[in-house]
Amino acid sequence: MKVVFLGTSGSMPTPRRGSSGVVVRVGRSVYMFDCGEGTQRQMVRAGVGFRRKTLIFLSHLHGDHVLGLPGLLQSMSLLGRERRLDVYGPAGTVEYVKAFSETLGGPAFPVIIHEVMEPGVVYSGGGLEVVAVRSSHRVESWSYGLFEEPRPGRFHPDKARALGVPEGRLWHRLQHGEPVTVDGRTIQPQEVTDPPRPGRRIVYSGDTRPYPGMVELARGADLLIHEATFTDELQERAEEDGHTTAREAAEVAREAGAKRLALVHISSRYYDPDVLLEEAKQVYEDVFVAEDLMEIEIPLPR
Ligand SMILES: [Zn+2]
Ligand SMILES: [Zn+2]
């Protein structure tokens with residue numbers, strides 16, 4: 001599981017940062033969170049294929065988060081994509097995609113749009129689920145959590161043998177959490193396996209003020225990707241515009257017990273992002289400012 005930051009700028013692209021976009025690669029599948037202008041070029045640079053199983057989750061319909069979609073769909077068509085593409089987003093997403101598809105000529109492959117109506121699991125498959133929570137921005141906006149299913153605990157063949165379970169089909173059933181019966185005696189899976197191991201958890205805030213649901217969503221996350229548009233010198237501006245300061249993002253990470261915090265959606269005014277980093281570090285140590293094309297491997301918990 002690998003996270004690739006495609007664009008880390010807030011509101012406007014800068015020489016150093018493109019508009020919002022993050023990709024989580026799981027096996028051969030691509031889970032994209034927001035698709036700002038320039039996303040497709042960053043995908044090319046990062047080597048993210050255009051024909052893979054792809055799901056796009058849009059946080060909200062502000063241009064800096066969605067203007068990359070028309071170009072991306074067009075390139076996918078040109079490259080002969082046939083496989084369906086799924087797009088999740090707030091109310092209005094259908095209309096947005098329809099408008100540019102009708103004007104420019106629709107994509108040559110099925111695009112399935114899912115408007116997120118209520119909080120909860122919006123996608124489930126491929127050994128993980130994606131959960132949406134309504135955030136607190138100036139327009140309808142969603143944060144997303146990508147949660148891998150727990151994996152079965154380690155199986156101990158020696159214990160199974162000692163209990164007289166023959167190798168083969170019965171071992172398989174025990175490994176998958178089913179009890180088996182041998183010579184009239186029932187053996188529970190926990191007698192021969194360790195407890196299930198938690199799956200990995202990645203959370204993406206989208207544009208938002210800090211809000212309680214975010215802390216819940218990010219509880220124990222391996223990586224919290226949180227917007228930090230401003231420093232606390234611009235606290236009032238952050239409140240007016242529905243954004244978060246670096247200090248506040250760090251407070252969310254600390255409260256949620258997230259393992260790592262990545263700051264994104266950096267205002268173009270900060271050429272040197274160290275001011276944001278220093279501010280966040282006063283609250284929460286394990287933080288970095290994401291840069292475009294930065295890649296982070298999320299290891300399996302031990
Ligand atoms: Zn934005
Ligand atoms: Zn916005």
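**Exercise 1. What spacing do the donors of the zinc ion (ligand 2) follow along the chain?** Then work out how the site is put together.

*Solution.* Keep in mind that this is a predicted model.

Step 1: read off the pattern. Along the chain, the donors of the zinc ion (ligand 2) are spaced as H-x1-H-x74-H-x69-D.

Step 2: put names on the letters. The protein donors are His60 (NE2), His62 (ND1), His137 (NE2) and Asp207 (OD), and they lie 2.2 to 2.4 Å from the zinc ion (ligand 2).

Step 3: check the geometry. For four donors to count as tetrahedral, all angles have to lie between 85 and 135 degrees. Here the four donor atoms subtend angles of 90 to 168° around the zinc ion (ligand 2), so the arrangement comes out as irregular.

Step 4: look for company. The zinc ion (ligand 1) sits 3.5 Å from the zinc ion (ligand 2), with Asp207 coordinating both.

Step 5: see where the chain comes together. His62 belongs to the loop between β4 (54-57) and α2 (63-66), while His137 belongs to the loop between β8 and β9; these two distant parts of the chain, 75 residues apart, are linked by the pair.

**Exercise 2. Are His62 and His137 buried or exposed?** Use the relative accessibilities.

*Solution.* The cut-off for buried is under 20%. His62 has 18%, so it counts as buried. His137, at 13%, is buried too.

**Exercise 3. Place β9 in its sheet, starting from the strand order.**

*Solution.* Step 1: lay out the sheet. It's an open one of seven strands with mixed pairing, in the order β7-β8-β9-β12-β13-β14-β15. β7 (120-125) and β15 (287-289) are the edges: each has a single partner strand, so one side of each has no neighbour in the sheet. From one strand to the next, the twist averages 15°.

Step 2: pair β9 with β8. Strand β8 (residues 128-134) runs antiparallel to strand β9 (residues 142-148), over seven bridges. Val133 has Ser143 in β9 as its bridge partner, and Glu129 stands opposite Phe147 in β9.

Step 3: turn to β12. The pairing of β9 with strand β12 (residues 201-204) is antiparallel as well, over four bridges. Leu146 is matched there with Ile202.

Step 4: sort the side chains. Trp142, Tyr144, Leu146 and Glu148 point one way from β9, and Ser143, Gly145 and Phe147 point the other way.

**Exercise 4. How many of the seven residues of β9 are buried?**

*Solution.* Seven of the seven are, so β9 is largely enclosed by the rest of the structure.

Notes
Residues are numbered from 1 along each chain as its sequence is written. Chains are lettered from A and ligands numbered from 1 in the order in which they are written. This is a predicted model: local features need pLDDT of at least 70, side-chain atom pairs count only at pLDDT 80 or more; totals for chains, interfaces and linings use all residues. Side-chain values use heavy atoms; hydrogens and water are left out. Two strands pair if DSSP finds at least two bridges between them. Axes are lines fitted to C-alpha atoms, for helices over the stretch in contact, and angles run from 0 to 180 degrees between N-to-C directions. Donors are N, O and S atoms within 2.8 Å of the metal (3.2 Å for Na, K and Ca); water is not among the atoms, so sites may look incomplete. Four donors count as tetrahedral if all angles lie between 85 and 135 degrees; four count as square planar and six as octahedral if opposite donors are over 155 degrees apart and all others between 65 and 115; anything else is irregular. Buried means under 20% relative accessible area, exposed over 50%, partly exposed in between (1.4 Å probe, protein chains only).
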